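Work through these short exercises with the structure open. Try each task before reading its solution.

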Amino acid sequence: MFGPIRIALAAVLIALPLRAQQLELHFLDVGQGDAIVIREGGKTALVDAGRSSRIMLQVQGLGIDAVDLLVASHNHADHIGGMAAILGSTGVRYYLDNGVPHTSATYQRTIEAVAASGAQYLRASHRTITLGSAQLRVLPPPPSRDQNNSSVGLLVEYGEFRALLTGDSELYELRHWLNTEAIPRVQVVKVAHHGSWNGTSVEWVERTRPQLAVISVGARNSYGHPSPRVIVQWEMVGARVRRTDEEGTISIFANKDGSFVDRSERSDTTRVISARPFENNTGLSPYVPQEAAPACCKVCTVGKACGNSCISRSYTCHQAPGCACDARP
């Protein structure tokens, strides 16, 4: 009688995260925005902070009262809206951003909060930051005044486990990294730009080939994120796509052998992913039809994009989707 019970208990213990021995990644559900907690060995990094001060409730819910490294991938409000609250209520040692100023009041409040907090300011450059037993390799952005294409990239390495975080990078920046950085195979990718059509390319998918692709996105957002084509691109290389709008906060607990456990806030399912060797990126690329970039790309300062026009946000667009770039924040 006791034999089956012991076996079942052992299986549960293997599946459950052993936090003291694992790297934690929490893709927080902050609606249409990004916020990612990285923890290892008693050290904590927070990459982006969502749109508002409400992120403090989520950070406190994880038992975080100090942040060793606070990173703004770029300076749009859906990534730094909660930074002032974090800096004002939590001890922060280092603050790193892309070094590209923004004209918004949110950015001004954030920079003032950095100065008032006493955090040491770091500029994105080629550097590797130690977080417990994990290494965070900074991927600096290319020269650009565009915030999305100036996103700070981070390659998280923990033994054989790797995760890649790329803010709201678009095709220009992804191409730059592919040409100038040693982008490896990884287990986990944070899909750039909330799953927008212009945040993923066949080359990027083929180079990284993750087991899990996480999309941080708001439910029923006005930008049409994520693009169905982008979801197909990741699935065609065997990645499972998970979305915060559907599953809430998505948590990953990784081991140094490359295996990891992932689970979500709105599901009782815990998936155990075995370590797999990284074979060379050879063979044929998956064929995914490449849509040409929309010709309009008309920036809508008021309302939302619809075909080649801007319409009121209260209206329904009956034209073919596209021009997601028109409506980016």
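The exercises below cover confidence, one sheet and the chain as a whole.

This is a predicted model, in which local features need pLDDT of at least 70, side-chain atom pairs count only at pLDDT 80 or more, and totals for chains, interfaces and linings use all residues. Residues are numbered from 1 along each chain as its sequence is written, and side-chain values use heavy atoms, leaving out hydrogens and water.

**Exercise 1.** Find what pLDDT the protein chain averages, and where it drops below 50.

*Solution.* Start with the scale: pLDDT is the predictor's confidence in each residue, from 0 to 100. The protein chain averages 84, and 77% of the residues score at least 70. Next, look at residues 280-299, where pLDDT is below 50. Residues 320-329 also stay under 50. Where pLDDT is low, the predicted coordinates should not be read in detail.

**Exercise 2.** Trace the open sheet of seven strands and name its edge strands.

*Solution.* Strands are DSSP runs of E, at least two residues, numbered from the N terminus; helices are runs of H or I, at least four residues. Two strands pair if DSSP finds at least two bridges between them. The order is S7-S8-S9-S10-S11-S12-S13, with mixed pairing. S7 (128-131) and S13 (240-243) are the edge strands, each pairing on one side only. Now take S12 (residues 212-215): its pairing with S13 is parallel, over four bridges. Ile215 has Arg243 in S13 as its bridge partner.

**Exercise 3.** State how many helices and strands the protein chain has, and what share of its residues is buried.

*Solution.* Count nine helices and 18 strands. Buried means under 20% relative accessible area (exposed is over 50%, partly exposed in between; 1.4 Å probe, protein chains only). Of the 329 residues, 53% are buried.

Methods:
Contact means heavy atoms within 4.5 Å.
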